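This report describes the sheet of the structure shown below, the helices that pack on it and the surroundings of the ligand.

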Amino acid sequence: MKVRNLMEKDETALKEIIHLANPHSLNHPQPDLIYKRWGEYYFQNCRDHCFVVAEETRDRAVGVILCAPDTRSYQKDFNQNYYPSLQRDLDELDRRIPGILKEFELEYYRKKEAQVQDWLHPVLVRKIYREYPAHLHINIHPEYQRQGLGHLLVDQLLTHLKEQGISGLHLIVSSDNQKGISFYKKYGFRSLFEIRPRGKTGIIYGLKTTH
Ligand SMILES: CC(C)(COP(=O)(O)OP(=O)(O)OC[C@H]1O[C@@H](n2cnc3c(N)ncnc32)[C@H](O)[C@@H]1OP(=O)(O)O)[C@@H](O)C(=O)NCCC(=O)NCCS
């Protein structure tokens, strides 16, 4: 396996990995919306900060780490320039199959960029964005999980962010994602805050690039 930057040719593999790694996507009436919500922006705008782990022979990506190095400017750009097209797709799906999206999904997807500022006191939000300005999403193809590939991708991202002079990165994980929580703890991420969006619990983890 080798780690390299996410490339234009990886889009099909990226969609497949995000779909297969997320149980929510497997049961979704229109799974491409999941990619559109959680993958496409990074693919289009942040490839320099995103990495894949790929098979040596076929160069096929089997895992991906997506990152925006500055979450504040990412949010602004996502909301102003990317979100309107996602919103059109949601409206279209609603019109075509009324009621197909469950209530929580509507809330989840209709919200513009839902990040830490929606749930935390502004002082804590400032602390996170100052100390851990980048954020990440990571997905490994189910057949390749628990083989050390997630660790390889975080290693690569940390080296990259450090080179860019970025002090740290954060992420939000649902408290029912035991696999994810175990992974972040094992890697050395620090649990920063708990949040309760829509009655569910999420945990914000952070990691300094100098750890
Ligand atoms: C979470 C995830 C990225 C970890 O990547 P990975 O390549 O499987 O992890 P690694 O092999 O580098 O690290 C292994 C560690 O991760 C955790 N882990 C991975 N798979 C696990 C599983 N099936 N059950 C419990 N813990 C698991 C454990 O801490 C494990 O250490 P252990 O084997 O000593 O118990 C991967 O499982 C994944 O893509 N999950 C689905 C998507 C997801 O939840 N992403 C995070 C959203 S915030």
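How far from an oxygen atom of the ligand does a polar side-chain atom of His151 lie? In this predicted model, the distance is 2.7 Å.

## Polar contacts of the ligand

Beside the contact of His151, the side chain of Ser182 places an N or O atom 2.5 Å from an oxygen atom of the ligand. Gly150 contributes through its backbone, an N or O atom of which is 2.8 Å from a ligand oxygen atom. On its own the ligand has 900 Å² of accessible area, and the protein covers 79% of this.

## The shell around the ligand

The shell comprises 20 residues, of which Arg146, Gly148, His151, Ser182 and Lys186 come nearest to the ligand. By class, eight are nonpolar, nine polar and three charged.

Two or more residues each are supplied by β4, α8 (149–163), β5 and α9. The largest share, six residues, belongs to α9.

## The sheet

The strands β4 and β5 belong to an open, mixed sheet of seven strands, ordered β1-β2-β3-β4-β5-β7-β6. At its edges stand β1 (2–5) and β6 (190–195), each paired on one side only. The average turn between neighbouring strands is 25°, direction ignored.

Two bridges join β4 (residues 134–140) to β5 (residues 168–174) in the parallel sense. His135 has His170 in β5 as its bridge partner.

## Helices on the sheet

Helix α9 (residues 178–187) packs on the sheet, where it touches β4, β5 and β7 (202–208), and its direction makes about 25° with that of β7. Helix α5 (residues 71–96) lies across β3 (61–68), β4 and β5, at about 75° to β4.

How values were computed. Residues numbered from 1 in each chain as written. Predicted model: local features only at pLDDT ≥ 70, side-chain atom pairs only at ≥ 80, totals over all residues. Heavy atoms only, no water. Pairing = 2+ DSSP bridges. Helix = DSSP H or I, 4+ residues; strand = E, 2+ residues; numbered from the N terminus. Axes fitted to C-alpha atoms, helices over the stretch in contact; angles between N-to-C directions. Contact = heavy atoms within 4.5 Å. Near = heavy atom within 4 Å. Polar contact = N/O pair within 3.5 Å; in protein donor to acceptor, adjacent residues only side chain to side chain. Areas by Shrake-Rupley, 256 points an atom, 1.4 Å probe, with all protein chains shown as cover. Nonpolar A, V, L, I, M, F, W, Y, C, P; charged D, E, K, R; others polar.
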